[in-house]
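Let's take a walk through this structure together, starting from a single residue and working outwards. Keep the 3D view open as you read.

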Amino acid sequence: MNHTVSPSVWLMIGAIVVMATAGDVLLASAMRQIGDFDDIRAHAGLGGAVAAVLKNVRFLFGVLCMAVSFFSLLFALSWADVSLVAPASAALTFITNAFAAKWILKENVDRRRWFAAVCVGAGVFFLAR
Amino acid sequence: MQSTMTFRRYMVLVAVMLGASLGDTCLGIGMKHMGPVSIHHLSSLLLALRIPSVLIGILLLIGFFASYLTALSWADLSFVLPATSFGNVVVALLAKFWLHEHVSPARWAGILLITVGVGFVTQGPSYTDHSQIDSTDEEATVPAMASNVKEQSV
């Protein structure tokens with residue numbers, strides 16, 4: 001049996017991770033721009049809160065990135081084993097999200113959060129295999 | 001960073017972790033019941049909407065997404081993602097004790113690592129207040145600029 005993973009499969013996993021991270025960052029950025037969802041719902045009702053989210057361009061791009069990531073996952077699964085693609089992409093997404101949160105969203109990612117991201121990434125990898 | 005977590009907000013995080021995991025599980029059960037779908041007959045996917053567990057799965061995933069967005073409006077992405085990853089552990093434990101599936105040593109190691117990660121991140125602050133950071137930066141910048149001007153004038 002040949003267990004080597006071709007570069008094209010890693011490229012597909014990379015595409016899933018990049019699009020999932022972009023989606024998460026855009027959604028987080030959109031929600032930060034909109035403000036506390038509970039406060040908006042208290043003032044404008046659930047309809048007003050939903051309208052505020054749906055009108056946000058970052059939110060729409062975030063959902064688009066999530067959709068592209070999902071279809072990239074489906075495409076990758078038709079080429080490679082689910083036991084490789086699913087855990088590898090899920091685990092790497094935790095790490096790339098920590099980097100994106102630090103450098104793009106300017107969140108205060110301290111040592112505690114780095115450690116948590118690495119632990120959870122490794123844990124998801126083991127759990128999903 | 002500040003901690004703005006209340007009991008209600010912890011419940012939103014629980015909804016995120018359970019919504020995603022249980023939603024995926026319900027979809028999985030439903031799609032197994034339906035059988036394989038050919039790429040040439042994608043319209044047959046609409047028939048999946050007749051399966052109760054698929055509908056429950058979709059409702060749970062809608063609930064997950066609403067809770068996820070709510071959580072991101074008052075907590076950092078680097079806090080929400082690790083904190084809600086505990087749902088993977090819940091599914092593994094359900095598989096072990098409810099469905100009586102075999103959980104390998106590697107999976108137990110995964111459960112341990114996720115539990116440690118979640119324990120670490122939830123002990124810390126949940127939100128980065130950018131207005132405070134900006135004002136701190138300004139305070140740090142102004143004395144530095146003042147000392148530069150003093151040096152130049154000297």
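A good place to begin is Leu61(B), which sits in helix H2 of chain B. Bear in mind as you look around that this is a predicted model. Is Leu61(B) buried or exposed? Something in between: it counts as partly exposed because 17 other C-beta atoms lie within 10 Å, while being buried would take 20 or more. Setting aside neighbours within four places in sequence, Leu61(B) is in contact with Gly19(B) and Gly23(B). You can also look for Leu22(B), which is 39 residues away along the chain, yet its C-alpha atom is 8.4 Å from that of Leu61(B).

Now slide back to Gly35(B), in the loop between helix H1 (7-34) and H2 of chain B. Here the surroundings are sparse enough that the residue counts as exposed, because just 7 other C-beta atoms lie within 10 Å and the limit for that class is 12 or fewer. Try finding Ala48(B) from there: it is 13 residues from Gly35(B) in sequence, and the two C-alpha atoms are 9.9 Å apart.

Zoom out to take in chain B as a whole. It has 6 helices and 0 strands, so reading along the sequence gives you α-α-α-α-α-α. Of its 154 residues, 34% count as buried. If you take the contacts in chain B with a separation of 6 or more, 80% of them are between residues 24 or more positions apart.

Chain A is built from helices too, with 5 of them and 0 strands. Its C-alpha trace spans about 60 × 35 × 25 Å along the principal axes, and 43% of its 129 residues count as buried. Among contacts in chain A between residues at least 6 apart in sequence, 73% join residues at least 24 apart.

One helix of chain A deserves a pause. Helix H2, residues 37-54, has 18 residues, but its end C-alpha atoms are only 13 Å apart, whereas a straight helix would reach 26 Å. Where does H2(A) bend? Look at Ala44(A), where the bend is about 125 degrees. Phe37(A), Ala49(A) and Val53(A) are buried in this helix. The buried residues of H2(A) pack against helix H1 (7-34) and helix H3 (57-77) of chain A, together with H2 of chain B.

That brings us to where the chains meet. In total, 28 residues of chain B are in contact with 33 residues of chain A. On the chain B side, helices H2 (52-74), H3 (77-84), H4 (86-97) and H5 (105-122) each supply at least two residues. The largest share, 11 residues, comes from H5(B). By type, this side of chain B divides into 16 nonpolar, 10 polar and 2 charged residues.

Finally, have a look inside. In soluble globular proteins, nonpolar side chains tend to be buried together. Here the largest nonpolar core has 71 residues, and Val124(A), Leu72(B) and Ile114(B) touch the most other members. H1(A) gives the largest share of this core, 13 residues. What does Val124(A) touch, not counting residues up to four places away in sequence? Its contacts include Pro87(A), Ala90(A), Ala91(A) and Phe94(A), and on chain B Ser85(B), Asn88(B), Gly110(B) and Ile114(B).

Methods: Residues numbered from 1 in each chain as written. Chains lettered and ligands numbered in written order. Predicted model: local features only at pLDDT ≥ 70, side-chain atom pairs only at ≥ 80, totals over all residues. Contact = placed C-beta atoms within 7 Å. Helix = DSSP H or I, 4+ residues; strand = E, 2+ residues; numbered from the N terminus. Nonpolar A, V, L, I, M, F, W, Y, C, P; charged D, E, K, R; others polar. Expected span 1.5 Å × (residues − 1). Bend = angle between axes of the 7 residues up to and from the residue. Core = buried A, V, L, I, M, F, W, Y, C linked by C-beta atoms within 7 Å.
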